[in-house]
Every structure is written in structure tokens, then in C-alpha cells.
Amino acid sequence: MPSYTVTVATGSQWFAGTDDYIYITLVGTEGCSERTLLDKPLYNDFERGAVDSYDVTVGENLGEMELVKIEKQKYWVHDDWYCKYITVKTPSGDYVEFPCFHWLVDDKEVVLRDGKALLPKDDKTRLVKQHRHKELESRRKTYRWREWQPGIPMSIDANTHKELPRDIQFDSEKGVDFILNYSKAIENLCVNQFMHMFQSSWNDFADFERIFVRIKNTISEYVMQHWKEDFMFGYQYLNGCNPVMIQKCTKLPEKFPVTHDMVADCLEREMTLEEEIEAGNIYIADYELMEDISPNSTDPCTLQYLAAPICLLYNNSQSKILPLAIQLGQTPGKENPIFLPSDDQYDWMLAKIWVRSSDFHIHQTVTHLLRTHLVSEVFGVAMFRQLPAVHPAYKLLLPHIRFTIAINTKAREQLICEFGIFDKVSDGGG
């Protein structure tokens, strides 16, 4: 009687193994095997990280392998199992691999196709065509759309991380890693002993420097030594965490009336400001998005502010980007002066700090949260709903959206929700 050798790989992450019963059914073009229990006498099957092999005997050859059905049934209590892949060696000696990478929870079954990337037009039999259809039908019931808040990109229909499908939740190691990294960051920043500083205004720049006393590396020490200097301010526009705000200035906007006389002392090429603009040496960063946003009250006893600045930058003869002029609001006038490098040291420094503050808010909410996290989730949910696992685009996209939906759900649950972390610590609020 023909015999097929089935090799089952269990994931290596925490709690991936199981003591539940695992059954397999092999489906080929000429027939299918009986439902077979995968079990070795006196052996602990499906341990974490294990690769176990079993023989499945059939009455006659099954033809070309099409599907593998895996079922998990409770032994004592429900015990989740993470299956990486299954390999089937046919009687003719061929190997067919069936990727899984799924958690089997409760009394669950999963039907797998082989790992070859195939488009719908490549499906030749009725069985695999049905499998493609049923997989998407099931996924659309599991991965549902929801509008979390008006104006926010659509997201998965889940209020908490625990409500997510098991396959896209954080692994146990990832959850612990979050906690450990957070604790390490708190320890390194010595934030615990300086938390009172966030509840009132700081009195001296030394207060700020003391926050980072525990961080010792070449980059951090260099930045701490030079952060007040104009070249470092400009350098961060290209090399900082938010290098998307700077744009080439082809014409000064009317709302930002900088003149040549204001900045003549900073220009190095014996050219007027207009000539420098025409030559492509002037850049601008406009934080108009910050206008009309009400400041959050992280401390009810302290009045807080937000700015919507415009910053003009200069590419000098040494190819350094330097700030040339700063206006902290969008409407020019006596109440909204233009700050210059020639101003008092602390006036100019505070103007730069306000620009950095606005840059932080734009980075956190637009560049990072919106354009990275939330937009990626739209593609992630759509991928699960529209592409079966054998589709080549699914195989290409899957590694890039790993944990995306999970971390976004945690953000909606803890970070940007009402009374969340953003409401508690950010001037812009949640």
C-alpha cells in the first residue's frame, strides 16, 4: 500500500507547542487519505520548535498532491498550536511543501495549499478553485472593516488587541519585549526621578541635559554638545526623524515676508535673497497644519501653547543647511515677528525650539502615525480580505505588514484614545 511521509514543523515562539490531538487528511487529484491521527507511542509530539515525521498509509495513490487538511482537537484543555509548515513526501519520492504559519486555536482546522505562488487563472481543478474562494470567504468574516473615528483611515474591527485574530496578535516574546524595552528606556532616561519636571516649566537648560545623563554613546553626546547650534538644527531636517518637511523654496509666500535686508548678513555667495532662491539654495518648512489646533491641558495648572511656524533655510557654501528666518505663526504682523540669527541668543534659540516642537507633533501624528501606521493597516486588512495565501502579492506583502494591525490596535486602545497617553503627555492631545 502506498505510504506518504508527512513532516510537521512547530513554531519556535513561546507556547507554540501543543498536547492536543492533531489529525491530517491528504487530498490529491485522484483521491484523499483517511483522517489520520499524528501520534508516536511514548513520544511528546508537537513540542515547541520540533520537526516531527509520520507515515500515512493509503489504499491507492492519491495522484498529484493538492491540499492538506490539519485538525486540532482538545486533549485535556484547549492548547493553542502554531504550525509553521507541513512537507509531504510522495511514494514517488517527490516533496511538496505546504506553508502554514497559523495558530490553530480551540477545535480548529486549516486547509493548506502547496507553497507555489499562483494566480486565479493558474487554478486547474475545481477543488483548488473552491479552496481559494472559501479561504477568502472565511477571511472576510474574520478581518472586518471599521471606521474608528471620522476622518481616520479605515481599520480592523477590533476594540482591543485580544479581540484580534490570533494569527496577527503579538507573539508572547513581542509583548514581553515591549515591556522590557519600555522599562529600559525609563531607566536609561532616569525619567522616574525627573517626572516632576514635566508638570511645570523648566528653569534652566541644565534640567534638560540631566534627563540624558545615563545615555552614553558618540552620537548622543555629540548632539548634546551641539544641539543649540544652527548647523545641527538644519542637519536634523535631512537626517532627523522627520526628513519630509523641508522643501525647495521657489517663491517666498506672502504670509512670510522675509526681505533681503533681514538675512543679508547670513548669505555667503554675494547674491541677493531672490538670487539665492532662483539658484535653488533656499528651502522652506511650513507647519501650517498646526494652525488652529487647540493646545492640550496635560497640566491644568499650566497654560500651554502650540505654534504653526514657517522656517526659511539656507544651503550655504559648505553645503550645510542653516536656519535663516523663523515666523511662529501663519499670519504676519507686529504680534508675529520674524526671528533671525542676528536676534538675541535666547530669542533665536526659543524660536528654533518652537519649530522643533511643531516638527515633533507633525512627525508623531502625520508622518509616523498616519502615513506609516494607519495607511499601512488599510493595505494589511485589504490584503487579508482580497488575496489568498497562494497569491504572489500576498506572499510579497505579508512580511511587511507583520504586527502592523496589532500595534495599531494597541495604539487605538492605549495611545490615541480618549484619556490615553497622548492626552496625558502631548501638547497636541489625542
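In this predicted model, strands β2 and β3 (residues 31–32) run antiparallel and are held by two bridges. The turn from β2 into β3 is a hairpin of two residues, and Gly 28 has Gly 31 as its bridge partner in β3. That is just one of the pairings made by β2. Eight bridges tie β2 to strand β6 (residues 65–73), again antiparallel, with Leu 26 sitting opposite Val 68 of β6. Strand β4 (residues 36–37) also pairs with β2 in the antiparallel sense, through two bridges; here Tyr 23 faces Leu 37. As for burial, seven of the eight residues of β2 (residues 21–28) are buried, so the strand is largely enclosed by the rest of the structure.

Leu 26 also turns up in the packing. The largest nonpolar core has 25 residues, and Leu 26 and Ile 86 are the ones that touch the most other members. Strands β1 (3–10), β2, β5 (51–57), β6, β7, β8 (95–104) and β9 (109–113) each put at least two residues into this core. Setting aside neighbours within four places in sequence, Leu 26 contacts a list of residues that includes Tyr 4, Val 6, Cys 32, Val 56, Leu 62, Leu 67 and Val 88. Its bridge partner Val 68 is on that list too. Apart from this core lies another, of 21 residues, with Tyr 287, Ala 308, Leu 328 and Val 355 among them.

On the outside, a nonpolar surface patch brings together Tyr 21, Leu 37, Tyr 75, Trp 76 and Val 77, with about 590 Å² of accessible area between them. Leu 37 is the β4 residue opposite Tyr 23. Trp 76 belongs to the loop between β6 and β7 (81–89), and its relative accessibility of 72% is why Trp 76 counts as exposed.

Further along the chain there is an open sheet of five strands, ordered β12-β13-β14-β15-β16 and paired antiparallel. Its edges are β12 (247–248) and β16 (338–339), each of which pairs on one side only. Two bridges join β12 to β13 (residues 282–286), and Lys 248 stands opposite Tyr 283 there.

Charged contacts come next: the whole structure has 15 salt bridges. In one of them, the side chains of Asp 171 and Arg 402 meet at 3.6 Å, N to O. Asp 171 is in the loop between β11 (155–156) and α2 (172–189), while Arg 402 is in the loop between α10 (392–397) and α11 (404–415), so this pair ties together parts 231 residues apart in sequence. The two ends sit in contrasting surroundings: Asp 171 is buried, at 14% relative accessibility, whereas Arg 402 is exposed, at 56%.

Glu 288 and Lys 255 form another salt bridge, with their closest N and O atoms 3.5 Å apart. This one links the loop between β13 and β14 (310–315), home of Glu 288, to the loop between β12 and α7 (260–263), where Lys 255 lies 33 residues away in the chain. Glu 288 is partly exposed at 45% relative accessibility, and Lys 255 is partly exposed at 22%.

A salt bridge within a helix joins Asp 359 and Arg 356 (3.7 Å, N to O). Both belong to α9 (residues 345–386), and because they are three residues apart, about one helical turn separates them. Asp 359 is buried, at 8% relative accessibility. Finally, Arg 113, Asp 123 and Arg 132 are joined into one network by salt bridges that share partners.

Definitions and conventions:
Residues numbered from 1 in each chain as written. Predicted model: local features only at pLDDT ≥ 70, side-chain atom pairs only at ≥ 80, totals over all residues. Heavy atoms only, no water. Buried < 20%, exposed > 50% of the residue type's maximum accessible area, 1.4 Å probe, protein only. Helix = DSSP H or I, 4+ residues; strand = E, 2+ residues; numbered from the N terminus. Pairing = 2+ DSSP bridges. Patch = residues over 30% accessible without salt bridge, like charges linked within 9 Å, V, L, I, M, F, W, Y side chains within 5 Å. Areas by Shrake-Rupley, 256 points an atom, 1.4 Å probe, with all protein chains shown as cover. Salt bridge = Lys/Arg side-chain N within 4 Å of Asp/Glu carboxyl O. Core = buried A, V, L, I, M, F, W, Y, C linked by side-chain atoms within 4.5 Å. Contact = heavy atoms within 4.5 Å.
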